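Open the model in your viewer and keep the selection panel at hand. The stops below go from whole chains down to single residues.

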Amino acid sequence: MPPWLTLALHSFWPLLKAGLALTVPLTLFSFVGGLLLGFVVALIRLFAPPPAVAIVRFYIWLIRGTPLLVQLFIIFYGLPNAGIVLDAFTAALIGFVLNVGAYTSEVIRAAILSVPRGQWQASSAIGMTWAQTMRRTIVPQATRVAIPSLSNSFISLVKDTSLAAALTVPEMFQVAQQIAAVTYEPLILYCETALIYLIFSSVLSAWQTRIETRSMRHVPKLEAAQ
Amino acid sequence: MISLSGIVKTYAAQPVLHGVDLALEAGSVTTLIGPSGSGKSTLLRCVNLLEVPQAGALSVAGQTLSFTPQSRPARDAILAVRRATGMIFQDFQLFAHRTVLQNVMESLLTVHRWAPPKARARALELLEKVGMQHKADAWPGELSGGQQQRVAIARAMAPSPQILLCDEPTSALDPELAGDVINVLAQLAAEGTTMLIATHDLRLAAHIAHQVVFLDAGRIVERGSPQEIFAHPSQQRTETFVATLNSPLPDWVI
């Protein structure tokens with residue numbers, strides 16, 4: 001067996017383990033938290049009084065206008081100077097949730113606006129409350145519209161979690177750096193890491209396609225122009 | 001009986017209804033006719049409070065609500081009115097993500113808290129009545145406009161409302177498909193359903209209605225039986241409008 005293959009096989013399990021133990025949970029927690037935040041922010045932008053809208057617009061402007069890596073550094077390395085000390089995983093999680101929340105809030109807002117006004121009126125006319133209308137009529141239809149964009153955010157997030165390596169979180173990329181540092185084989189290690197990210201993203205994409213197909217089942221297929 | 005009195009509705013300083021009075025006897029069918037922008041739809045929507053008037057009073061389901069420019073009625077009072085009324089829309093507005101059967105069951109399950117088997121039985125019964133039981137599992141997007149409107153009628157009638165409000169129910173349909181919808185509405189009328197219908201369709205306005213109300217620029221110009229309004233209107237404005245509705249075909253047709 002060529003030495004590079006031996007190295008690749010030996011490092012595969014530590015990398016995968018770090019991926020399953022940290023990259024995947026960090027991605028899932030960040031995305032679920034970010035989606036909840038994004039939904040609340042979208043509702044505030046659509047329905048809240050102007051001062052609350054101004055606050056969330058400022059938040060979106062701030063997060064989208066600054067690099068994610070800088071945000072993570074501020075939270076983990078900067079906040080201790082202000083007396084707030086967080087462990088690396090928590091700091092990364094907060095950073096990703098804030099980031100996902102800002103980007104997905106705009107997607108969710110647009111998706112809610114895409115549901116025709118008549119659907120609100122039809123729900124009101126049968127006596128639904130605002131909350132029932134939201135839960136039973138608007139969110140299910142908005143979800144279908146939002147899924148492709150939200151999937152993009154999700155797959156970006158899988159890869160963005162590698163930035164947590166810079167905060168000393170021993171996720172997959174951090175482990176790859178450690179092994180590369182002692183074996184002097186960065187090419188093999190980083191290619192292998194890329195491969196595992198690719199596997200994660202592919203599994204998630206396949207999962208997304210299934211959810212999308214399910215959400216589209218009531219939509220007639222477009223016929224190709226004759 | 002459902003009654004509206006002194007209803008005033010204004011959009012951003014633009015008055016749409018100037019103090020309208022209307023009484024709807026139980027079991028009667030009333031059609032609202034009038035040019036676009038006359039306030040027909042707005043008046044219809046004031047009955048189930050999709051539009052909340054700035055002045056006047058509404059009596060429905062045994063309660064009377066009075067309106068002022070400053071305040072909306074309590075949320076529960078608005079919901080009570082909506083639960084006692086049913087509405088169908090010009091563009092149907094079936095819930096796109098629910099099947100035909102689920103559309104009809106929705107208010108029973110979510111609003112009236114019926115058990116699913118009971119709601120399902122009631123929904124199937126109504127779908128049969130409107131001739132749509134064979135499409136119970138179809139998606140709204142797979143149906144023609146006339147079929148969607150018949151499902152919408154079943155959805156509106158599911159909780160047995162005290163009145164069915166119809167906002168131009170045939171305007172988005174070709175005359176043939178509209179015929180199916182009109183037949184269903186005529187059947188409901190014959191069974192004693194109280195209805196208020198905003199329409200340009202003479203088949204509804206002249207044949208089904210007991211009372212015709214002609215509205216122009218936010219005021220009721222004239223009201224009476226279909227014969228009175230269409231054959232012997234007392235107001236010049238009514239006569240002019242009615243003439244546009246049944247403008248005769250050219251001579252060579254006959």
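How many helices and strands does chain B have? Select chain B and colour by secondary structure: there are 9 helices and 10 strands. Keep in mind throughout that this is a predicted model.

**Chain B as a whole**

Turn chain B along its principal axes; the C-alpha trace spans about 55 × 55 × 30 Å. The radius of gyration of chain B is 19 Å, which agrees with the value near 18 Å for a compact globule of 254 residues. Of those 254 residues, 48% are buried. If you draw the contacts in chain B with a separation of 6 or more, 62% of them are accounted for by residues 24 or more positions apart.

**The sheet in chain B**

Next, show strands 6, 7, 8, 3, 9 and 10 of chain B. They form an open sheet in the order 6-7-8-3-9-10, and the pairing is mixed. Select residues 85-88 for strand 6 and 219-224 for strand 10: these are the edge strands of the sheet in chain B, each pairing on one side only. Looking across the sheet, neighbouring strands are turned by 20 degrees against each other on average, direction ignored.

Strands of a sheet pair through backbone hydrogen bonds, either parallel or antiparallel. In which sense do strand 3 and strand 9 of chain B pair? Select residues 29-33 and 211-216 of chain B: the two strands pair in the parallel sense, over 4 bridges. For a single bridge, pick Thr31(B), whose partner in strand 9 is Val212(B).

**Chain A as a whole**

Now switch to chain A. It has 8 helices and 0 strands, so a colouring by secondary structure runs α-α-α-α-α-α-α-α from the N terminus on. The C-alpha trace of chain A spans about 70 × 55 × 30 Å along its principal axes. Buried residues are 32% of the 226 in chain A. Among contacts in chain A between residues at least 6 apart in sequence, 77% join residues at least 24 apart.

**A helix pair in chain A**

Select residues 130-160 (helix 6) and 186-215 (helix 8) of chain A. Their axes lie 10 Å apart and the helices pack at an angle of about 170 degrees, which makes helix 6 of chain A roughly antiparallel to helix 8 of chain A. To see the contact, show side chains including Ile147(A), Phe154(A) and Val158(A) from helix 6 and Phe200(A), Leu204(A) and Ile211(A) from helix 8. The residues of this contact divide into 9 nonpolar, 6 polar and 3 charged; Arg144(A), Lys159(A) and Glu212(A) also take part in the contact.

Notes
Residues are numbered from 1 along each chain as its sequence is written. Chains are lettered from A and ligands numbered from 1 in the order in which they are written. This is a predicted model: local features need pLDDT of at least 70, side-chain atom pairs count only at pLDDT 80 or more; totals for chains, interfaces and linings use all residues. The radius of gyration is taken over C-alpha atoms; the globule rule is 2.2 Å times the number of residues to the power 0.38. A residue is buried if 20 or more other C-beta atoms lie within 10 Å of its own, exposed if 12 or fewer, and partly exposed in between; C-beta atoms are placed from the backbone. Two residues are in contact if their C-beta atoms, placed from the backbone, lie within 7 Å. Axes are lines fitted to C-alpha atoms, for helices over the stretch in contact, and angles run from 0 to 180 degrees between N-to-C directions. Angles under 35 degrees count as roughly parallel, over 145 as roughly antiparallel, 65 to 115 as roughly perpendicular and the rest as oblique. Ala, Val, Leu, Ile, Met, Phe, Trp, Tyr, Cys and Pro count as nonpolar, Asp, Glu, Lys and Arg as charged, and the others, Gly among them, as polar. Two strands pair if DSSP finds at least two bridges between them.
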